[in-house]
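Subject: Structure for you to look over

Dear colleague,

I am handing over the structure we spoke about, and below it I have set out what was found, so that you can follow each point with the sequence and the model side by side.

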Amino acid sequence: MESVPSEDTSKITRFLRGIVSSPGYRGQIAHIADIPPREAEYRDPAEPLDPALKKALASLGVRRLYSHQAEAVDLIRKSRNVAVVTSTASGKSLCYNIPVLETLYHAPDSTALYMFPTKALAQDQLRALGDLVLRLPGGGERIRPGTYDGDTPRYARRKLRQDANVIMTNPDMLNQGILPYHSRWSRFFSNLEYVVIDEMHTYRGIFGSNVANVIRRLRRILKHYGADPVFILCSATIANPGELAENLIGAPVETLTRDGSPSGRKRFVLWNPPFLDKHKIGRKSSNVEAHEVMVKLVESDVQTITFTKARVVAELILRYVRDALARRNPHLVDKISAYRAGYLPEERRRIEKALFSGRLLGVASTNALELGIDVGSLDASIIVGFPGTIASTWQQAGRAGRKTDESLVVFIAYNDPVDQYLMRHPGYFFDQTPENAVIGPDNPYILAGHLGCAAFELPLTKEDEAYFGDLTAPIVGVLEEVEKVKTIDGSTYWANTEFPAAALNLRTISDDTFTIVDVTGGERVIGVVDSISAPELVYPEGVYLHGGETYLVRELDLDGKIAYVERKEVDYYTQPVLDSSIRVTGEKRSTALNGLNVFYGDATVSWATTAFKKIRFYSMDSIGYGKLDLPTQHLETVSIWMYPGPGVTDVVKRRGRNPVEGLVGLKNVLINILPLFVMCDRQDIGGLVESSNTGRPAVFLYDRFKGGLGFSEKAFGLLPGILEAALDVIVECTCEGGCPSCVGLPVLRPPQHQDPDCGHGYPIPDKETARLILEEILERG
């Protein structure tokens with residue numbers, strides 16, 4: 001445990017001192033990092049700003065530019081593509097708003113396209129830009145911004161296409177509502193000077209791979225209209241911002257990473273729930289710990305956001321906090337809410353408005369509120385479990401104490417390998433370079449959909465390989481075979497009555513969505529869930545949590561894609577039990593590492609939700625079990641698999657150990673350690689140990705996305721370092737025979753809607769055998 005400095009009298013320190021002296025404190029504070037404030041670094045652009053714009057900025061309190069803002073303006077003025085990679089609340093939006101306003105103020109026929117990952121962020125930035133425009137003399141006439149998304153009324157869409165010179169949208173609308181109808185946008189596209197891509201770091205994995213192809217389609221259409229705009233990208237800190245930016249837009253980009261903005265003092269607390277007994281295996285529920293900290297903050301009038309890793313956890317913490325406040329401070333119950341995907345749009349907008357206005361004192365959220373929406377002056381951020389990347393952790397931490405305000409961040413660990421590793425190695429977390437962002441725009445499954453869309457927009461020709469790569473011709477050939485396109489005199493046309501963009505969902509490989517209908521006293525739609533997740537979230541007889549309330553799932557209609565739920569108060573929630581298998585379909589690469597045979601290639605994964613467990617609130621006691629008969633789902637993907645040679649297994653056997661037990665432990669720790677090396681969530685990686693493919697027990701790790709997205713491939717290249725870290729996790733864990741903090745959590749396929757608190761309910765593999773295998777491979781015995 002780390003002590004709180006007694007000489008410090010700041011508000012945050014006083015709060016921490018109160019926590020430490022409270023009856024329930026049992027040494028949970030493992031580390032406190034005192035991140036000092038940072039002074040601003042100012043710089044003027046090479047050429048002065050327009051006097052009218054300079055005056056407008058001054059009226060908003062911006063009298064000088066930070067160094068990164070001035071440098072970005074200079075590069076953009078030279079028509080260079082730029083990626084600005086600085087901290088939360090560092091004024092990145094001015095990096096693009098200033099050059100855009102400079103141009104459009106003097107040339108109102110010019111246009112700019114802004115792309116944000118969410119509609120809420122676009123609305124937030126529209127308000128900020130509109131405020132600045134109105135401070136320019138005649139700005140409202142010369143600069144005409146608007147949002148163009150699924151919420152924009154049809155009458156307003158026509159006016160925006162005809163008159164607006166700044167359009168704010170999202171990739172989904174660009175894909176389905178703008179690019180397919182580009183002829184309606186001929187005025188706008190012909191005069192396009194700038195394309196802004198904000199929150200670039202969110203465009204990773206399957207979403208980023210799709211967005212990269214949408215941008216390639218955009219650039220192709222812009223060339224058709226004779227436009228060659230400057231691309232301006234903004235991002236939170238990641239390890240490879242330049243690489244990601246260039247992969248996204250398919251063109252060279254200059255990257256700015258020196259942050260000139262100021263920041264307030266931040267107290268970053270690593271909080272480890274206490275052990276439950278002297279054997280030091282089980283720990284107190286992290287969700288319960290999080291709700292207790294959140295209650296204390298809310299009762300102290302500290303506006304707090306609590307980030308969770310799964311929808312069910314956000315709902316659990318909301319329920320727990322409301323229960324506590326109902327007993328102690330009933331007037332605060334309605335000042336707490338949850339926020340997550342699956343809520344209907346109108347419900348999310350209502351919560352956003354209440355949070356932004358300050359009417360909400362606390363919100364339990366998934367990463368849906370991680371992005372740069374202006375949520376006002378939040379004082380504290382609680383992060384329940386490692387979010388999957390260091391970059392996301394800092395994004396979530398940055399939601400509190402924006403600008404120069406002092407702030408508190410409490411990172412509450414789960415009892416799993418990564419979280420416990422960070423508790424024991426705080427320096428690793430605070431000193432570590434953020435992860436790489438991985439996208440796979442050449443994924444043939446993704447590329448096929450976009451080539452169909454591109455053919456619908458403009459005929460495809462040989463020249464389009466410059467945008468879509470070497471797989472263009474083979475995939476076009478497949479599309480021709482299934483009569484989606486037709487080639488005439490070297491040009492390929494869309495030749496189907498379907499609208500291809502409608503079948504292309506950028507954010508998940510599944511095009512289907514299940515509607516969640518409450519049948520209590522009638523029928524009312526209360527939420528949605530994608531088809532892959534539906535059997536894991538709304539299975540029959542399971543408990544669906546919404547707004548902190550419990551609903552029993554009465555029926556999952558697989559044909560109608562509807563889950564029928566009924567409001568019923570119960571004292572438990574449920575968690576899915578999954579069964580998985582894998583089949584290798586093609587080997588691409590192989591290597592040997594000191595007795596470990598390693599392979600990378602194609603594989604098909606099959607899984608089904610076979611049962612569910614009933615978990616009592618708070619205590620997490622397992623109080624029941626139910627069997628399910630749901631269809632098996634299949635995923636064609638890529639995998640890395642490995643098995644030790646006879647030299648390694650013989651050593652293990654001579655020690656009287658079972659090699660399979662060690663491989664199960666190795667698989668578990670690898671699944672959990674991988675996010676420290678590859679930018680993915682643990683739910684993006686599946687794993688199991690099986691023998692049917694190789695004739696001997698082998699560890700399989702696979703991408704949980706159709707066609708793969710580079711995670712397993714990157715792990716293949718980084719495997720020595722990953723194995724070293726895995727051995728460190730095992731050796732440095734203080735348990736004797738294995739625990740959830742080292743070789744535990746043997747989940748065959750981590751469900752997307754699993755409560756991480758429930759992981760320690762699984763049997764624990766043999767820690768010593770896993771250590772022996774790794775020591776033999778790494779020659780550290």
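Ser-209 is buried, with a relative accessible area of 0%, and in this predicted model the residue is found in helix α10, which covers residues 205-224. If neighbours within four places in sequence are left aside, Ser-209 is in contact with Ile-439, Gly-440, Pro-441, Ile-446 and Leu-709.

To place such residues in the chain as a whole, it helps to have the domain assignment at hand: domain 1 (11-36 + 263-430), domain 2 (51-256), domain 3 (444-503) and domain 4 (583-607 + 633-778). The C-alpha centres of domain 2 and domain 3 lie 28 Å apart, and the contact between these two takes 18 residues from domain 2 and 16 residues from domain 3.

Turning to the strands, there is an open sheet of seven, which come in the order β4-β5-β3-β6-β7-β2-β8 and pair in parallel. Its edge strands are β4 (145-147) and β8 (254-256), each of which pairs on one side only, and neighbouring strands of the sheet are turned by 15 degrees against each other on average, with direction ignored. Within the sheet, strand β3 (residues 111-115) and strand β5 (residues 166-169) run parallel and are joined by four bridges, and Ala-112 stands opposite Val-166 in β5. Helix α11 (residues 241-249) lies across β2 (82-85), β6 (192-197), β7 (230-235) and β8, and runs at about 135 degrees to β7.

Another helix to look at is α15 (residues 390-397), which is largely enclosed by the rest of the structure, because seven of its eight residues are buried. The buried residues of α15 are Ile-390, Ala-391, Ser-392, Thr-393, Gln-395, Gln-396 and Ala-397, and what covers them includes the strands β9, β10 (304-307), β13 (380-384) and β14 (407-412), as well as helix α17 (426-431).

As for the nonpolar interior, which residues have the most contacts inside the largest nonpolar core? That core has 64 residues, and the ones in question are Phe-268, Phe-411, Leu-596, Met-642, Leu-666, Leu-670 and Leu-723. Helix α24 (residues 711-732) gives the most to this core, with eleven residues. Because domain 1 and domain 4 both give residues to the core, it lies between them. In soluble globular proteins, nonpolar side chains tend to be buried together. Met-642, when residues up to four places away in sequence are not counted, touches Leu-596, Asn-597, Val-598, Leu-670, Ala-698, Val-699 and Leu-719. Apart from this core lies another, of 57 residues, among them Val-302, Ile-317, Leu-332 and Ile-351.

The last topic is charge pairs, since the structure holds 34 salt bridges, and I describe a few of them here. Asp-34 forms a salt bridge with Arg-265, and the closest N and O atoms of the two are 2.7 Å apart. This pair links distant parts of the chain, since Asp-34 is in strand β1 (residues 29-35) whereas Arg-265 is in the loop between β8 and β9 (266-271), 231 residues apart. Asp-34 itself is partly exposed, with a relative accessible area of 39%.

Glu-465 forms a salt bridge with Lys-462, with the closest N and O atoms 3.2 Å apart; here Glu-465 counts as partly exposed at 22% relative accessibility, whereas Lys-462, at 65%, counts as exposed.

Arg-567 forms a salt bridge with Glu-549, the closest N and O atoms being 3.5 Å apart. Arg-567 lies in strand β21 (residues 562-567) and Glu-549 in strand β20 (residues 549-557), so this pair ties together parts that are 18 residues apart in sequence. Arg-567 counts as partly exposed at 27% relative accessibility, and Glu-549 is also partly exposed, with a relative accessible area of 34%. Finally, salt bridges that share partners join Asp-34, Arg-265, Arg-267 and Glu-406 into one network.

With kind regards

Notes: Residues are numbered from 1 along each chain as its sequence is written. This is a predicted model: local features need pLDDT of at least 70, side-chain atom pairs count only at pLDDT 80 or more; totals for chains, interfaces and linings use all residues. Side-chain values use heavy atoms; hydrogens and water are left out. Two strands pair if DSSP finds at least two bridges between them. Helices (H or I, at least four residues) and strands (E, at least two) are DSSP runs, numbered from the N terminus. Axes are lines fitted to C-alpha atoms, for helices over the stretch in contact, and angles run from 0 to 180 degrees between N-to-C directions. Contact means heavy atoms within 4.5 Å. A salt bridge is a side-chain nitrogen of Lys or Arg within 4 Å of a carboxyl oxygen of Asp or Glu. Buried means under 20% relative accessible area, exposed over 50%, partly exposed in between (1.4 Å probe, protein chains only). A nonpolar core is a set of buried Ala, Val, Leu, Ile, Met, Phe, Trp, Tyr and Cys residues joined through side-chain atoms within 4.5 Å. Domain bounds come from an automatic or database domain assignment.
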